[in-house]
Amino acid sequence: MTELGNRLKEARKEKGISLDDLQEMTKIQKRYLKNIEEGNYDSMPGKFYVRAFIKQYAEAVGLDPETLFEEYESDIPRTEQEEFPEQLSRVQMSNKRAAPDTVKMMNVLPRILVVAAIIAILFLLWFVVYKLAGHSTKEKLNSGASGNVSVQKESIKSAEKVSSGSSSEKNAAKTPKKPASETKKTAQKLETVSSSGYTTTYKLAGTSQFKLELKANGGRSWVQVKNSDGSTNFQQLLNDGDSRTADLSNQKQVTITIGNTVNTEVYINGKKLKYHIPASKEVRQDMIIQFNGPQTE
């Protein structure tokens, strides 16, 4: 076992995470996770995958992968361009095969454009003829009924004035004025303050409540919540479908650590939080939520 593998294994055991749990969190096969702990990189699919798997392993157990890569640079295999010649050759072959099809398409494209232009011109001519015919018909109808229409418009306008005056008076008498306290409403706001690495700071405002719910959906996830003074509010491994709630209304700042954001949903006062950092980019994330209570004007 290498020093890096031993360090990763100790961090995993401190979190109380088994290899099966880690496989569920990272979607990496258990045998590859075991090879990383034992330093058996020869059994891995390639050097690129070794570094990628170590990065996901470290994030899942709460370690900084960049720091590990610098500290154990000599133990971790480097990726080189030589791993990709076969893939490049396949791409080149596919491009060569696609070339004749592309040439055929370029030959047919001008014909398609010409046909489309002809259809557009015919449609434009039909539209102009249709509009002219309809316009002349309307003019004949309007000339015969213009006198009656003008009389009807005047009578309608006078009736509208009478009805609008009476209805406005009735509405003014019926509609009570709302008190000033009802016109001011505060809306909950959750804004991103800053983001660095896998840590994001949010600010919760416009509400006097801070009720948190963490729910596992699609797999297991290890979660932890710390109060303003650094004490642990709770930490546990959530199975698929499990949820954990906490009332944090008396806290000024809360730190939430999620081991598997892909399978974890975060709700604040019943509203689902959208991760500022996509879960596909950072599986393990820390979220700091600042809370100052209701905002008054």
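A polar contact is a pair of N or O atoms within 3.5 Å; within protein, one atom must be able to donate a hydrogen and the other to accept it. This briefing concerns a predicted model and covers a buried glutamine, a strand hairpin and a helix pair. Such a polar contact involves Gln285, with a polar atom of its side chain 2.9 Å from the backbone oxygen of Ile277.

**Gln285 and its surroundings**

- Gln285 belongs to strand β10, which spans residues 285-291.
- Because its relative accessibility is 0%, below the 20% cut-off, Gln285 counts as buried.
- Leaving aside residues up to four places away in sequence, Gln285 touches Tyr198, Ile256, Thr257, Ile258, Thr261, Tyr275, Ile277, Pro278 and Ala279.
- Ile277, one of these neighbours, supplies the backbone oxygen at 2.9 Å from the Gln285 side chain.

**The β1–β2 hairpin**

- Strand β1 (residues 189-196) pairs with strand β2 (residues 199-205) through seven bridges, in the antiparallel sense.
- Within this pairing, Glu191 stands opposite Lys203 in β2.
- Two residues lie between the strands of the hairpin, and Gly197 adopts a positive phi near 65°.

**The α2–α4 helix pair**

- The axes of helix α2 (residues 19-26) and helix α4 (residues 47-60) come within 10 Å of each other and cross at roughly 110°.
- Angles of 65 to 115 degrees count as roughly perpendicular, so α2 is roughly perpendicular to α4.
- Leu22, Met25 and Thr26 in α2 meet Gln56, Tyr57 and Ala60 in α4.
- By class, this contact of α2 with α4 comprises four nonpolar residues, two polar residues and no charged residues.

Note on methods: Residues are numbered from 1 along each chain as its sequence is written. This is a predicted model: local features need pLDDT of at least 70, side-chain atom pairs count only at pLDDT 80 or more; totals for chains, interfaces and linings use all residues. Side-chain values use heavy atoms; hydrogens and water are left out. Axes are lines fitted to C-alpha atoms, for helices over the stretch in contact, and angles run from 0 to 180 degrees between N-to-C directions. Helices (H or I, at least four residues) and strands (E, at least two) are DSSP runs, numbered from the N terminus. Angles under 35 degrees count as roughly parallel, over 145 as roughly antiparallel, 65 to 115 as roughly perpendicular and the rest as oblique. Contact means heavy atoms within 4.5 Å. Ala, Val, Leu, Ile, Met, Phe, Trp, Tyr, Cys and Pro count as nonpolar, Asp, Glu, Lys and Arg as charged, and the others, Gly among them, as polar. Two strands pair if DSSP finds at least two bridges between them. Buried means under 20% relative accessible area, exposed over 50%, partly exposed in between (1.4 Å probe, protein chains only).
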